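This report walks a new reader through one structure, from the overall fold to the surroundings of single residues. Please keep the sequence and the picture at hand while reading.

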Amino acid sequence: MSWTIQRGGGAAVSFADAKISSAQCSFNAGGIDTASLTLAKDATTSPAPFTVNEAVTIAYSGTTYFVGYVTQVEPYADGGNEGWTVNMNGKQGNLARITYQQEYATGAGNTLAYKTRCVLGLALDGSAETTAQSITDIVQYAQSATGVSAGSILATGAIYYPKIEVVDATAWECIGQVMRWHPDAVLYFDHVSSTLNVKKPSLTKTSSRCHVAPGAGLACFTRWVKCAPNLSHHPRYRDWE
């Protein structure tokens, strides 16, 4: 049972072999996941151990825990200790680095061309889209560049919404515009399948309680609790050891 790290298409190596002395990770519902590594190397003589934009996969006992890319590499010095701090974003952060475009029919021949002026909630054929369809379209447009695919997107609770016009907006910003219509939904990235998912909470029956009121018949009261999706089974919710 051990932590491993894989850089790009290379082989996975243990944290010890990669000289990683500590690691931290933050999974952010509705945001971009981040991770940070500390490497105990001599910052004055060793070359930088990672490069910016380098792909990184971290696994625990063979199960993918975090997949992303390097955003910053910097040396540190603390007393007699020197080394490197490596900061990373989760793969869904790539959605914030690509401008979203939609196809439009242009010219006399109605030739399709991509434009950065987009109307969210409107399909290519002019029909209205639901929030689920819009988010799926955005993720699918960017998939080849980001490596992120659409997972379970509002399997329940998707709605039609007023059209939103955006210009030169990133795919991540466009998703945020659509998510405004679901303030109670949970957007999260699955690092095992590299999918973006959006789930709504549900009313879950938790318990029933009966009592006899003075002068009245038997009355039963059922308590309902609004619950967020249960994601605790996912390996990304483990604590780093």
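## The chain as a whole

What percentage of the 241 residues of the chain count as buried? In this model, which is predicted rather than determined by experiment, the share of the 241 residues that count as buried is 37%. The chain holds 16 strands together with 2 helices. Where contacts with a separation of 6 or more are concerned, 55% of them are accounted for by residues that stand 24 or more positions apart.

## The buried side of helix α2

Helix α2 spans residues 171-179, and within this helix A171, W172, C174, I175, V178 and M179 are buried. Because these residues cover an arc of only 160 degrees around the axis, they are on the same side of α2.

What covers the buried residues of α2? The cover includes the other helix, α1 (131-146), and several strands, namely β10 (117-120), β12 (164-167), β13 (186-190) and β14 (195-199).

## How the two helices pack

The axes of α1 and α2 are 10 Å apart, and the helices pack at an angle of about 175 degrees. Since angles over 145 degrees count as roughly antiparallel, α1 and α2 are therefore roughly antiparallel to each other. On the side of α1 the contact is made by T131, S134, I135, I138, V139 and A142, while α2 contributes A171, C174, I175, V178 and M179. Among these contributors from α2, the residues C174, I175 and V178 have been named above as buried.

## Aromatic pairs

How many aromatic pairs does a search of the whole structure find? The search finds 7 of them. One of the pairs is formed by W3 and Y65, whose rings are edge-to-face, with 4.9 Å from centre to centre and 85 degrees between the planes. W3 belongs to strand β1 (residues 3-7) and Y65 to strand β6 (residues 63-78), so this pair ties together parts of the chain that are 62 residues apart in sequence. Both of these residues, W3 and Y65, are buried.

Another pair, that of Y114 and Y141, is tilted, with 5.7 Å between the centres and 50 degrees between the planes. This pair also links distant parts of the chain, as Y114 is in strand β9 (residues 111-115) and Y141 is in helix α1, 27 residues apart. Y114 is partly exposed at a relative accessible area of 45%, and Y141 is likewise partly exposed, with a value of 23%. Beyond single pairs, ring pairs link W3 and Y65 with F15, F27 and Y60 into a cluster.

## Charges over rings

Two arginines have a place over an aromatic ring, and each can be described by its distance from the ring centre. The charged end of R7 sits over the ring of F50, at 4.1 Å from its centre. R97, in turn, lies over the face of Y69, where the distance from the ring centre is 4.0 Å.

## Residues in the loops

The loop between β4 (34-39) and β5 (55-60) is where K41 is placed, and N53 has its place in the loop between β4 and β5 as well. K41 counts as partly exposed, at 23% relative accessibility, and N53 is partly exposed with a relative accessible area of 47%. Although K41 and P75 are separated by 34 residues in sequence, their C-alpha atoms are 9.1 Å apart in space. N53 is not a glycine, yet N53 has a positive phi of about 80 degrees. K19, which is not a glycine either, has a positive phi of about 60 degrees, and K19 lies in the loop between β2 (13-14) and β3 (20-26).

Is L122, in the loop between β10 and α1, buried or partly exposed? L122 counts as partly exposed, with 32% relative accessibility. When neighbours within four places in sequence are left aside, L122 is in contact with Q102, S127, E129 and K163. Of these partners, Q102 is 20 residues away from L122 in sequence, and the two are 9.9 Å apart in space, C-alpha to C-alpha.

Conventions:
Residues numbered from 1 in each chain as written. Predicted model: local features only at pLDDT ≥ 70, side-chain atom pairs only at ≥ 80, totals over all residues. Heavy atoms only, no water. Buried < 20%, exposed > 50% of the residue type's maximum accessible area, 1.4 Å probe, protein only. Helix = DSSP H or I, 4+ residues; strand = E, 2+ residues; numbered from the N terminus. Arc of directions from axis to C-beta. Contact = heavy atoms within 4.5 Å. Phe/Tyr/Trp six-rings, centres within 6.5 Å; stacked < 30°, edge-to-face > 60°. Lys NZ or Arg CZ within 6 Å of the ring centre and 35° of its normal. Axes fitted to C-alpha atoms, helices over the stretch in contact; angles between N-to-C directions. Parallel < 35°, antiparallel > 145°, perpendicular 65-115°, else oblique.
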